[in-house]
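This report follows charged and aromatic side-chain pairs through a single model. Please keep the sequence and the structure in view while reading.

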Amino acid sequence: MDDRQKVLGLVGLAMKAGKAASGEFMAEKAVKSGKARLVVVSVEASDNTKKMFTNMCTYYKVPICYFGGKGELGHAMGKEERASLAIVDEGFAKAIVKQMNKIGGSEYES
């Protein structure tokens, strides 16, 4: 299992554990309510979506990373395509960031 698959696996686990907010609306809500510990935005997300989350995460001081295709993220969460999600658990967020850092090349901003 490569590091990319591990990231997707962690996203799936977080989702099953009820520790992830999936989709733009829910992810935005998680960030604004102060629950989000990490936001993952698909590299295929629209420029507007990326800009909105980048600005929001900067303002609310939430780490953000750009990773995976919409299909990949959606599949990991057992849903349709997803351009964004928020992880609301510190443990999952740290584990995902750790894997992202191993992959390298993922634009990670804290």
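## A pair within helix α1

In this predicted model, K6 counts as partly exposed, because its relative accessibility is 31%, a value that lies between the limits of 20% for buried and 50% for exposed. Its partner D3 is likewise partly exposed, with a relative accessible area of 23%. The side chains of K6 and D3 meet in a salt bridge, with 3.9 Å from N to O, a distance that falls within the 4 Å cut-off for such a contact.

Both residues belong to helix α1, which covers residues 3-16. K6 and D3 stand 3 residues apart there, about one turn of the helix.

## A network around E90

Side chains of opposite charge can pair when their charged atoms come close. The structure holds 5 salt bridges, and one of them is formed by E90 and R37, whose closest N and O atoms are 3.4 Å apart. E90 lies in helix α5 (residues 90-103), whereas R37 lies in the loop between α2 (24-32) and β2 (38-41), so the pair ties together parts that are 53 residues apart in sequence. E90 is partly exposed, with a relative accessible area of 39%, and R37 is also partly exposed, with a relative accessible area of 33%.

With which other side chain does E90 meet in a salt bridge? The partner is K94, and the N to O distance for this pair is 3.6 Å. Salt bridges that share partners thus join R37, E90 and K94 into one network. E90 and K94 are 4 residues apart in helix α5, so about one helical turn separates them. K94 has a relative accessible area of 54% and is therefore exposed, the cut-off for that class being over 50%.

## The aromatic pair

A pair of aromatic rings is described by the distance of the centres and the angle of the planes. The structure holds 1 aromatic pair. Y59 and Y60 have ring centres 4.9 Å apart and ring planes at 80 degrees, so the pair is edge-to-face, a description that applies to planes over 60 degrees apart.

Are the two tyrosines, Y59 and Y60, buried, partly exposed or exposed? Y59 counts as exposed, because its relative accessibility is 65%, while Y60, with a relative accessible area of 34%, is partly exposed.

Methods
Residues are numbered from 1 along each chain as its sequence is written. This is a predicted model: local features need pLDDT of at least 70, side-chain atom pairs count only at pLDDT 80 or more; totals for chains, interfaces and linings use all residues. Side-chain values use heavy atoms; hydrogens and water are left out. Helices (H or I, at least four residues) and strands (E, at least two) are DSSP runs, numbered from the N terminus. Buried means under 20% relative accessible area, exposed over 50%, partly exposed in between (1.4 Å probe, protein chains only). Rings of Phe, Tyr and Trp (its six-membered ring) pair if their centres lie within 6.5 Å; planes under 30 degrees apart count as stacked, over 60 as edge-to-face and the rest as tilted.
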